[in-house]
Amino acid sequence: MSLISRVLEQNGIATVIIGSAKDVVELCGVARFLFTDYPLGNPMGKPYDREMQERNLRQGLAMLETVVSPRTTWLSPFHWDASREWKQKYMEIREEDRELLRAKGEERRNQRQSRRSTQPK
């Protein structure tokens, strides 16, 4: 999305990227970036938390109205949770989950292999 944003900007279409991969997005040099310090895959906020998602959307739209300097990053003022404990637990693999995760990984590999074998060459 970051590279598409740059092309759109070069053609006169203003963009805002809202996301959590700060280092990657800033490296791409987008014009406007709203950094949401949330788990990857949840750039707008918690699933089903409409208020949080709308507030982030409004923040991004405000960037379109006010940001004039290129490569501007704003930090969303909203937090995933007050304690920020999610950062310590995000992507944690607990011993009791290892077998389930192994089985799911194997199932996914088998599905991909099956799809590859049915694709025309």
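**Figure 1. Glu-65 lies in helix α3 of this predicted model.** Glu-65 is exposed, with a relative accessibility of 70%. That value puts Glu-65 in the exposed class, because exposed means over 50% relative accessible area. Arg-102 serves as a second marker in this view. Along the chain, Glu-65 and Arg-102 are 37 residues apart. Their C-alpha atoms are separated by 48 Å.

**Figure 2. Arg-50, Glu-54 and Arg-58 are linked along helix α3.** Start with Arg-50 and Glu-54. They form a salt bridge, and their closest N and O atoms are 2.7 Å apart. The two residues are 4 residues apart in helix α3, so about one helical turn separates them. Now add Arg-58. This residue also forms a salt bridge with Glu-54, with 3.5 Å between the closest N and O atoms. Arg-58 and Glu-54 are again 4 residues apart in helix α3, about one turn of the helix. Salt bridges with shared partners thus join Arg-50, Glu-54 and Arg-58 into one network. How accessible are two of its members? Arg-50 is exposed, at 61% relative accessible area. Glu-54 is partly exposed, at 31%. Side chains of opposite charge can pair when their charged atoms come close.

**Figure 3. Asp-97 and Arg-94 form a salt bridge.** The closest N and O atoms of this pair are 3.0 Å apart. Arg-94 is partly exposed, with a relative accessible area of 41%. How many salt bridges does a search of the whole structure find? The search finds 10.

**Figure 4. Strands β1 and β2 run parallel.** Strand β1 covers residues 17–19, and 3 bridges join β1 to β2. One named pair helps to place the two strands. Ile-18 has Leu-34 as its bridge partner in β2. Next, follow the side chains of β2. Arg-32 and Leu-34 point one way from the strand. Phe-33 and Phe-35 point the other way. In a regular strand, side chains alternate between the two faces of the sheet. Are these four residues of β2 buried or exposed? Arg-32, Phe-33, Leu-34 and Phe-35 are all buried.

**Figure 5. Tyr-48 has a positive phi although it is not a glycine.** The angle is about 70°. Where is Tyr-48 placed? Tyr-48 sits in the loop between β2, residues 32–35, and α3, residues 50–66. Tyr-48 counts as exposed, with 83% relative accessibility.

**Figure 6. Arg-71 also has a positive phi without being a glycine.** Here phi is about 55°. Arg-71 belongs to the loop between α3 and β3, and β3 spans residues 72–75. At 54% relative accessible area, Arg-71 is exposed. The cut-off explains the label, because exposed means over 50%. Val-25 is also shown. This residue is found in helix α2, which covers residues 22–28. Val-25 is buried, at 8% relative accessibility. Val-25 and Arg-71 are 46 residues apart along the chain, and 9.8 Å separates their C-alpha atoms.

**Figure 7. Four arginines gather in a patch of positive charge on the surface.** Which residues make up this patch? They are Arg-108, Arg-112, Arg-115 and Arg-116. Arg-115 lies in helix α5, which covers residues 98–118. Its relative accessible area is 47%, so Arg-115 is partly exposed.

**Figure 8. Met-1, Ile-4, Leu-8 and Ile-13 form a nonpolar patch on the surface.** Together, these four residues have about 410 Å² of accessible area. Leu-8 is found in helix α1, which covers residues 2–10. Leu-8 counts as partly exposed, with 32% relative accessibility. Why can Leu-8 belong to a patch? A patch is made of residues with over 30% relative accessible area and no salt bridge, and Leu-8 therefore meets the area cut-off with its 32%.

Methods
Residues are numbered from 1 along each chain as its sequence is written. This is a predicted model: local features need pLDDT of at least 70, side-chain atom pairs count only at pLDDT 80 or more; totals for chains, interfaces and linings use all residues. Side-chain values use heavy atoms; hydrogens and water are left out. Patches are made of residues with over 30% relative accessible area and no salt bridge: like charges are joined within 9 Å, nonpolar side chains (Val, Leu, Ile, Met, Phe, Trp, Tyr) within 5 Å. Accessible areas come from the Shrake-Rupley method with a 1.4 Å probe; for residues, only the protein chains shown count as cover. A salt bridge is a side-chain nitrogen of Lys or Arg within 4 Å of a carboxyl oxygen of Asp or Glu. Lys and Arg count as positive and Asp and Glu as negative; His and the chain ends are not counted. The place of a charge is taken as NZ of Lys, CZ of Arg, CG of Asp or CD of Glu. Buried means under 20% relative accessible area, exposed over 50%, partly exposed in between (1.4 Å probe, protein chains only). Two strands pair if DSSP finds at least two bridges between them.
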